[in-house]
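Me: Please take a close look at how the charged side chains pair up in this structure, and then set those pairs in the context of the fold around them. I would prefer one connected account with the values stated as they stand.

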Amino acid sequence: MAAPARQRIIAGMEALGVVSAPELARHLGRSTESLYFHLRKLVACGLVEDVGERRTRRRSERLYRLTAPKLRIAGDLADPDFRDALGDACRTILRATERDYCRALDSPHARLQGQARNLSLQHYHVHLTPGDRRRLVQMLEEMTTFLLERNDPDRGTLHALTAVLAPIASRTPPNQGYRDA
């Protein structure tokens, strides 16, 4: 999953369901040929399955789907190899996010304010109670469902959204930070 193309393929397949390589290529704005290598790798590792073929006017197309409707990363955080792989995946996602955002800055359609706002950059450090964190995770799940249910390339324009939630180790004991003088 550290390859940006594979992450985009997974995201596209989450949005489209059972899909052929040409359909996926159109959705992602890539050439069909550029996807086959990555699709084979995803099939080989068990994240994607080949579910047969369908006949089009010109030829037969292989059909693919994710092995799970919503892929989630699971593993043992005590395993250094797993942690390294997660770090690699995070760096790849954040590089892709940076590329998407910087491309959008050059778009004549980018809007930072008002009803047409389609560009946002936010980063917060906040204190959350366990209940607050559970509610936030629930809202992130609801957002994911909302996005995947409405993702239709024939209805709207493609947008990128990246969310990261990470606990931050405190450098000072609780309630021992700066005080007013």
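Reply: In this model, which is predicted, Arg62 and Glu53 form a salt bridge in which the closest N and O atoms are 2.9 Å apart. Neither partner is buried: Arg62 counts as partly exposed at 34% relative accessibility, and Glu53 is likewise partly exposed, with a relative accessible area of 48%. With a cut-off of 4 Å between a side-chain nitrogen of Lys or Arg and a carboxyl oxygen of Asp or Glu, the count comes to 9 salt bridges, and several others can be described in some detail.

A second pair joins the side chains of Glu23 and Arg54, which meet at 2.7 Å, N to O. Because Glu23 belongs to helix α2 and Arg54 to strand β2, this salt bridge ties together parts that are 31 residues apart in sequence. In terms of solvent accessibility, Glu23 is partly exposed with a relative accessible area of 25%, and Arg54 is partly exposed with 30%.

The pair formed by Arg91 and Asp88 has its closest N and O atoms 2.7 Å apart, but here the two residues both lie in helix α4, residues 80–105, where they are 3 residues apart, about one turn of the helix. An α-helix has 3.6 residues a turn, so residues three or four places apart point the same way. Both side chains are again partly exposed, Arg91 with a relative accessible area of 46% and Asp88 with 36%. Beyond these pairs, Arg8, Asp100 and Arg103 are linked in a network of salt bridges.

The elements that carry the Glu23–Arg54 pair, helix α2 and strand β2, also take part in covering another helix. In α3, which runs over residues 33–44, the buried residues are Leu35, His38, Leu39 and Leu42; they cover an arc of only 110° around the axis, and therefore sit on the same side of α3. The cover over these buried residues includes α1 (4–16), α2 (21–28), β2 (48–55) and β3 (60–66). On the other side of α3, Glu33, Arg40 and Ala44 are exposed. After the helix comes Gly46, whose phi is positive, near 90°.

Turning from salt bridges to the cysteines, the structure holds 0 disulfides. Cys45 is in no disulfide, and the nearest cysteine sulfur to it, that of Cys90, is 19 Å away; Cys45 is exposed, with a relative accessible area of 52%. Cys102 is in no disulfide either, the nearest cysteine sulfur, again that of Cys90, being 17 Å away, and Cys102 counts as partly exposed at 37% relative accessibility. For comparison, two cysteine sulfur atoms would have to lie within 2.5 Å to be counted as a disulfide.

As for the chain as a whole, it has 5 helices and 3 strands, arranged along the sequence in the pattern α-β-α-α-β-β-α-α. Its radius of gyration is 20 Å, whereas a compact globule of 181 residues would have one near 16 Å, and the C-alpha trace spans about 75 × 45 × 25 Å along its principal axes. Buried residues make up 17% of the 181 residues, and the accessible surface comes to about 14100 Å², with 53% of it belonging to carbon and sulfur atoms. Among the contacts with a separation of 6 or more, 48% are between residues 24 or more positions apart.

Finally, one residue in a loop is worth placing alongside these elements. Leu128 is found in the loop between α4 and α5, the latter spanning residues 130–150, and is partly exposed, with a relative accessible area of 38%. If residues up to four places away in sequence are not counted, Leu128 touches Arg133 and Leu136. By contrast, the C-alpha atoms of Leu128 and Thr157, which are 29 residues apart along the chain, are separated by 34 Å.

Notes:
Residues numbered from 1 in each chain as written. Predicted model: local features only at pLDDT ≥ 70, side-chain atom pairs only at ≥ 80, totals over all residues. Heavy atoms only, no water. Buried < 20%, exposed > 50% of the residue type's maximum accessible area, 1.4 Å probe, protein only. Helix = DSSP H or I, 4+ residues; strand = E, 2+ residues; numbered from the N terminus. Arc of directions from axis to C-beta. Contact = heavy atoms within 4.5 Å. Rg over C-alpha atoms; globule rule 2.2 N^0.38 Å. Areas by Shrake-Rupley, 256 points an atom, 1.4 Å probe, with all protein chains shown as cover.
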